[in-house]
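Work through the exercises below with the sequence and the model open. Each task is followed by a worked solution.

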Amino acid sequence: MRSIWCLCVLLPAVLAATVEKRDWRTKVMVQRNGFYPLDSVDKLEEATMTKVDDYMTKKIAAGKNNGCTLEKAGVRREWGDMTDEQRLDFINATLCLMNAPSKAPKDQFPGARTRYDDFMAYHLTNAGSLHDTIGLFPAHKFFILALENALRNECGYKGYHPYMNYDRYTKDPQNSALFNGNATSMGGNGDPDPGYTGVRMGAGAAVKSAGGGGCVTKGPFKDYRANIGPGAPMMNNVPKNPLSTGGGYNPRCMRRDVNPTVALGATAQKMYDLITKSNDINTFYNTLLSPARNASDPYNWGIHNSGHYISGGDPGGDPMVSPGDPIFYFHHAALDRLWWIWQMQDPDTRLNAQVSLGASGANRKVDLKWLTGLSPVPILEAHDNLGGFGGAFCHVYV
């Protein structure tokens with residue numbers, strides 16, 4: 001893929017000659033691949049960063065930033081905007097976790113063999129709290145942070161977790177930097193499987209196979225094996241787990257069907273409308289997961305569903321063990337990005353906004369238990385990208 005790189009950051013000494021005060025770009029390194037023009041959400045995000053800068057200035061003045069500043073914040077980038085060196089660093093750290101020994105309790109997960117299995121195992125047995133209305137956004141934010149910390153602290157990764165901009169994968173995802181199967185991709189499409197006919201999306205819409213469905217045999221993860229699950233398989237012929245809990249040893253290849261039609265449910269326009277037309281968190285949540293039926297829109301199955309089934313397969317398309325495919329984390333980082341941009345349109349009102357589910361939600365905690373050394377996080381602390389949980393959350397998306 002053609003790459004035209006822009007490291008859009010100026011040294012303060014140079015900037016001082018051209019503007020009166022420091023711009024947010026002097027605090028956050030913006031790195032762009034010129035192959036991809038900025039879409040409407042990218043432009044909205046850049047415009048929002050001025051609000052973020054003002055918000056952080058007030059937060060720092062009030063002493064509530066917990067050591068987090070824009071200069072110190074980890075920068076999460078779209079995969080296509082990362083250099084080959086940055087991608088290889090991430091890939092190698094992921095492969096490291098896929099080979100590092102499991103720390104999961106053996107009495108619960110005798111099949112777990114690797115640290116990567118551990119994240120599948122936690123998700124398998126905590127899917128309820130991870131996916132209820134109060135927990136979906138903050139709990140997955142914490143879950144991504146736990147994986148990011150493992151990549152950095154256990155496997156030497158130097159960057160922060162990437163996200164995927166779904167709109168970049170609506171035309172030819174199988175030849176994209178993310179899925180083309182070369183050494184700097186996150187693996188290729190699955191081999192053709194004549195028995196795989198497609199996936200059923202929201203409101204009963206059936207999307208035909210894009211020619212995959214079999215094992216991923218190209219790219220860095222061609223030898224990877226998922227060892228636990230399935231939990232709720234969405235594909236045919238997934239080997240049954242020897243234990244009813246899904247925690248037994250069940251090694252199998254990673255299967256995918258990288259599908260551009262599925263991605264059409266998460267275009268830039270749909271994401272932009274989600275952010276700009278959702279005046280409250282309930283509307284944002286409902287539109288993201290299950291938008292109102294629209295007979296004129298054949299791809300109206302929701303951004304959340306689109307992200308999970310752009311590559312689908314096993315374990316990625318199984319809602320219980322989907323973290324077994326690395327694309328799961330790219331997808332949930334993308335959702336976290338959309339939530340964050342929405343919050344930052346009006347942080348004073350939206351930062352702590354919770355989907356309506358009774359008053360007890362504000363007192364909940366997200367507990368990753370044995371998965372990480374982090375203490376349980378109060379759920380509202382996991383709403384805050386910039387200083388939440390004593391500064392453990394400190395990152396931006398560009």
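**Exercise 1: a salt-bridge network**

Asp23, Arg25, Arg32, Glu46, Glu78, Asp81 and Arg168 are joined to one another in a network of salt bridges. The model is a predicted one.

Task: Find the ring over which the charged end of Arg168 sits, and give the distance to its centre.

Solution. Step 1: Start from Arg168, one of the residues in the network. Step 2: Look for a ring beneath the charged end of Arg168; the ring is that of Tyr36, and the distance to its centre is 4.1 Å. Step 3: For another case of this kind, turn to Arg113, which lies over the face of Tyr249 at 3.9 Å from the ring centre.

**Exercise 2: three salt bridges between separate parts**

Task: State how many salt bridges the count gives, then work out which parts of the chain are tied together by Glu45 and Arg337.

Solution. Step 1: A salt bridge needs a side-chain nitrogen of Lys or Arg within 4 Å of a carboxyl oxygen of Asp or Glu. By this rule there are 25 salt bridges. Step 2: In the pair Glu45 and Arg337, the closest N and O atoms are 3.2 Å apart, and the two residues form a salt bridge. Step 3: Glu45 belongs to helix α2 (residues 40-61) and Arg337 to helix α11 (residues 327-344), so the bridge ties together parts that are 292 residues apart in sequence. Step 4: Check the surroundings: both Glu45 and Arg337 are buried.

Task: Do the like for Glu148 and Arg76: what is the N to O distance, and is Arg76 buried or exposed?

Solution. Step 1: The side chains of Glu148 and Arg76 form a salt bridge at 3.0 Å, N to O. Step 2: Helix α6 (residues 136-155) holds Glu148 and strand β3 (residues 74-76) holds Arg76, so parts 72 residues apart in sequence are tied together. Step 3: Buried means under 20% relative accessible area. Glu148 has 3% and is therefore buried; Arg76 has 0% and is buried too.

Task: Which residue forms a salt bridge with Asp314?

Solution. Step 1: The residue is Arg252, with the closest N and O atoms 2.7 Å apart. Step 2: Asp314 lies in the loop between α10 (303-309) and α11, and Arg252 in strand β9 (residues 252-253), so the pair ties together parts 62 residues apart in sequence. Step 3: Both Asp314 and Arg252 are buried.

**Exercise 3: aromatic rings**

Task: Classify the pair formed by Phe90 and Tyr157 from the angle between the planes.

Solution. Step 1: The whole structure holds 24 aromatic pairs. Step 2: For Phe90 and Tyr157 the centres are 5.4 Å apart and the planes stand at 75 degrees, which is edge-to-face. Step 3: Phe90 is in helix α3 (residues 84-99) and Tyr157 in the loop between α6 and β4 (190-192), so the pair links parts 67 residues apart in sequence. Step 4: Both Phe90 and Tyr157 are buried. Step 5: Now look at one aromatic cluster, formed by Tyr116, Phe119, Tyr122, Phe143, Tyr224, Phe328 and Tyr329.

**Exercise 4: an annotated stretch and a buried Asn**

Task: How much helix is there over residues 325-336?

Solution. Step 1: An unreviewed UniProt entry lists residues 325-336 as "domain: Tyrosinase copper-binding". Step 2: This stretch is 83% helix and 0% strand, with its end C-alpha atoms 18 Å apart.

Task: Where is Asn385 found?

Solution. Step 1: Asn385 is in the loop between β11 (377-378) and β12 (395-397). Step 2: Its relative accessibility is 1%, so Asn385 counts as buried. Step 3: Beyond neighbours within four places in sequence, Asn385 is in contact with residues including Lys141, Asp336, Trp340 and His395.

Terms used. Residues are numbered from 1 along each chain as its sequence is written. This is a predicted model: local features need pLDDT of at least 70, side-chain atom pairs count only at pLDDT 80 or more; totals for chains, interfaces and linings use all residues. Side-chain values use heavy atoms; hydrogens and water are left out. Helices (H or I, at least four residues) and strands (E, at least two) are DSSP runs, numbered from the N terminus. Buried means under 20% relative accessible area, exposed over 50%, partly exposed in between (1.4 Å probe, protein chains only). Contact means heavy atoms within 4.5 Å. UniProt positions are given in the numbering used here, feature names are shortened, and annotations may be inferred rather than shown by experiment. Rings of Phe, Tyr and Trp (its six-membered ring) pair if their centres lie within 6.5 Å; planes under 30 degrees apart count as stacked, over 60 as edge-to-face and the rest as tilted. A charge sits over a ring if NZ of Lys or CZ of Arg is within 6 Å of the ring centre and within 35 degrees of the ring normal.
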